[in-house]
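This report is meant for a reader who is meeting the structure for the first time. It takes up a few local features in turn, and the sequence and model should be kept in view throughout.

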Amino acid sequence: MTEPYDLITMGRIGVDIYPLQTGVPLAQVETFGKFLGGSATNVAVAAARLGRRTAVISRTGRDPFGDYLHQALRDFGVDDRWVTPVAGLPTPVTFCEIFPPDDFPLYFYRRPKAPDLAIRPEELDLAAVAAARIFWITGTGLCEEPSRAATLAALEARDRRGTTVFDLDWRPMFWGGEGGASGAGGATGAAARAAARPYYEAALRHATVAVGNVDEAEVATGLRDPKACAEALLDQGVELAVIKQGPKGVLAVHRDGRSAEVPPTPVEVVNGLGAGDAFGGSLCHGLLAGWELEPMMRHANAAGAIVASRLACSSAMPTAAEVEEFLAAR
């Protein structure tokens with residue numbers, strides 16, 4: 001087998017269609033840009049931009065948008081060998097509206113089923129998954145079969161080797177909750193969280209790091225206080241819990257008693273989408289480098305802030321030099 005990857009992510013991939021005008025509802029937008037998207041994919045791109053060797057496990061449609069995603073991954077230096085087409089399913093497309101500083105509605109077109117939710121356990125290269133220095137999975141990958149079984153199979157194959165990150169990544173519409181129907185549909189947000197929690201708990205048993213905002217941590221723990229969420233995640237088996245608190249910054253708590261709470265990095269927001277994925281790519285970079293919690297969180301915050309100050313997601317991911325320059329100016 002070739003040298004292990006620094007990072008393998010598993011989850012969503014798709015085409016982001018973003019307005020080239022801000023402060024305008026979709027009904028009135030006249031021009032759009034096309035970008036590589038999907039949270040797990042963006043994390044791989046973000047880490048690759050920081051110099052890491054990365055790959056993605058996902059699926060596309062057998063269509064021109066799928067061809068575009070392969071080319072975009074290669075252009076970003078992300079290995080696409082485990083991104084394969086699924087017959088009969090279209091490549092997902094996501095639209096957004098851009099109302100800075102904090103309103104960015106998303107519209108997911110993932111029907112009749114997103115190809116990334118059609119990953120099957122028997123299709124996985126479990127040896128490569130087990131060998132990766134970091135393996136990254138998301139909550140969305142648990143929302144439907146066969147992706148759920150594949151995600152859990154990959155986690156079991158790793159058996160807590162190296163670093164395994166669970167991005168709590170809560171999208172209620174994928175679980176039949178508020179924000180849109182999925183599957184049986186019609187469930188309330190609370191019912192959707194209750195449906196998701198057992199699968200989140202199962203994934204946490206195999207993870208060494210959990211990362212998410214307070215809403216996402218609530219799905220896994222039933223709690224909303226950031227410190228209580230972090231402690232509950234540690235109780236469920238992870239070694240490091242990272243809770244993003246928006247304007248209050250980020251809290252990181254390690255099982256060994258270390259902790260860091262870092263304020264956000266002020267920036268003029270253009271598009272907040274993708275900032276969390278930049279944070280994730282930087283988090284992986286810091287974990288691989290063995291950084292202490294505080295500098296790791298500061299770097300991740302800075303990477304996220306840089307992306308928030310730009311229009312796109314994947315193509316906005318900063319290089320190491322850009323993050324260093326940004327931090328030096330603060």
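## Burial and the basis of the report

A residue is called buried when its relative accessible area is under 20%, exposed when it is over 50%, and partly exposed in between. D6, with a relative accessible area of 12%, is therefore buried. The model described here is a predicted one.

## Salt bridges between separate parts of the chain

The structure holds 15 salt bridges. One of them joins the side chains of D6 and R133, with N and O 3.0 Å apart. This pair brings together distant parts of the chain: D6 belongs to the segment before β1 (7-10), while R133 sits in the loop between α3 (126-131) and β8, 127 residues apart. The two partners differ in burial, for D6 is buried at 12% relative accessible area, whereas R133 is partly exposed at 38%.

A further salt bridge is formed by R310 and E322, whose closest N and O atoms are 3.2 Å apart. It also links distant parts of the chain, with R310 in the loop between α9 (293-308) and α10 (320-328) and E322 in helix α10, twelve residues apart. R310 has a relative accessibility of 27% and counts as partly exposed. E322 is likewise partly exposed, with a relative accessible area of 28%.

## D169 and its surroundings

D169 is placed in the loop between β9 and α5. Its relative accessibility is 2%, and because buried means under 20%, D169 counts as buried. The side chain of D169 meets that of R12 in a salt bridge of 3.2 Å from N to O. Here too the pair links distant parts of the chain: D169 lies in the loop between β9 (163-167) and α5, and R12 in the loop between β1 and β2 (14-19), 157 residues apart. Both D169 and R12 are buried.

The salt bridging extends to another residue, as R12, D169 and R171 are linked in a network. The side chain of D169 also makes a polar contact of 3.4 Å with the side chain of T138. When residues up to four places away in sequence are not counted, D169 touches R12, T138, G139, T140, Y200 and E216.

## The internal cavity

How many cavities of 30 Å³ or more are there? The count comes to one. The largest cavity holds about 50 Å³ of space. Two elements, β8 (134-138) and α4 (147-158), each give two or more residues to the lining of the largest cavity.

The lining consists of M10, G11, R12, D116, L117, I137, T138, T140, G141, S147 and T151. By character, these residues divide into three nonpolar, six polar and two charged. R12 and T138 are among the lining residues, and both are also touched by D169.

## A buried arginine in β4

R59 lies in strand β4, which spans residues 54-61. Is this residue buried or exposed? R59 has a relative accessible area of 5%, and since that is under 20%, R59 is buried.

The side chain of R59 reaches the backbone oxygen of W82 at 3.0 Å. A polar contact of 3.2 Å also joins the side chain of R59 to that of T84. With neighbours within four places in sequence left aside, the residues in contact with R59 are I13, W82, T84, V86, P115, D116, I119 and E123. Of these, D116 also appears in the lining of the largest cavity.

## Helix α6

Helix α6 covers residues 214-221, and seven of its eight residues are buried, so the helix is largely enclosed by the rest of the structure. The buried residues are V214, E216, A217, E218, V219, A220 and T221. They pack against α5 (189-204), β10 (209-213), α7 (226-235) and β11 (240-244). E216, one of the buried residues of α6, is also among the residues touched by D169.

Both ends of the helix can be described. At the N-terminal end, N213 caps α6, with a side-chain oxygen 3.1 Å from the backbone nitrogen of D215. The residue that follows α6 is G222, which has a positive phi near 80°.

Methods: Residues numbered from 1 in each chain as written. Predicted model: local features only at pLDDT ≥ 70, side-chain atom pairs only at ≥ 80, totals over all residues. Heavy atoms only, no water. 1 Å grid on protein atoms, 1.4 Å probe; cavity = no way out; pocket = protein on both sides within 12 Å on 5 of 7 lines; lining within 4 Å. Points joined across faces, edges and corners; volume = space filled by probe spheres on them. Helix = DSSP H or I, 4+ residues; strand = E, 2+ residues; numbered from the N terminus. Nonpolar A, V, L, I, M, F, W, Y, C, P; charged D, E, K, R; others polar. Buried < 20%, exposed > 50% of the residue type's maximum accessible area, 1.4 Å probe, protein only. Polar contact = N/O pair within 3.5 Å; in protein donor to acceptor, adjacent residues only side chain to side chain. Contact = heavy atoms within 4.5 Å. Salt bridge = Lys/Arg side-chain N within 4 Å of Asp/Glu carboxyl O.
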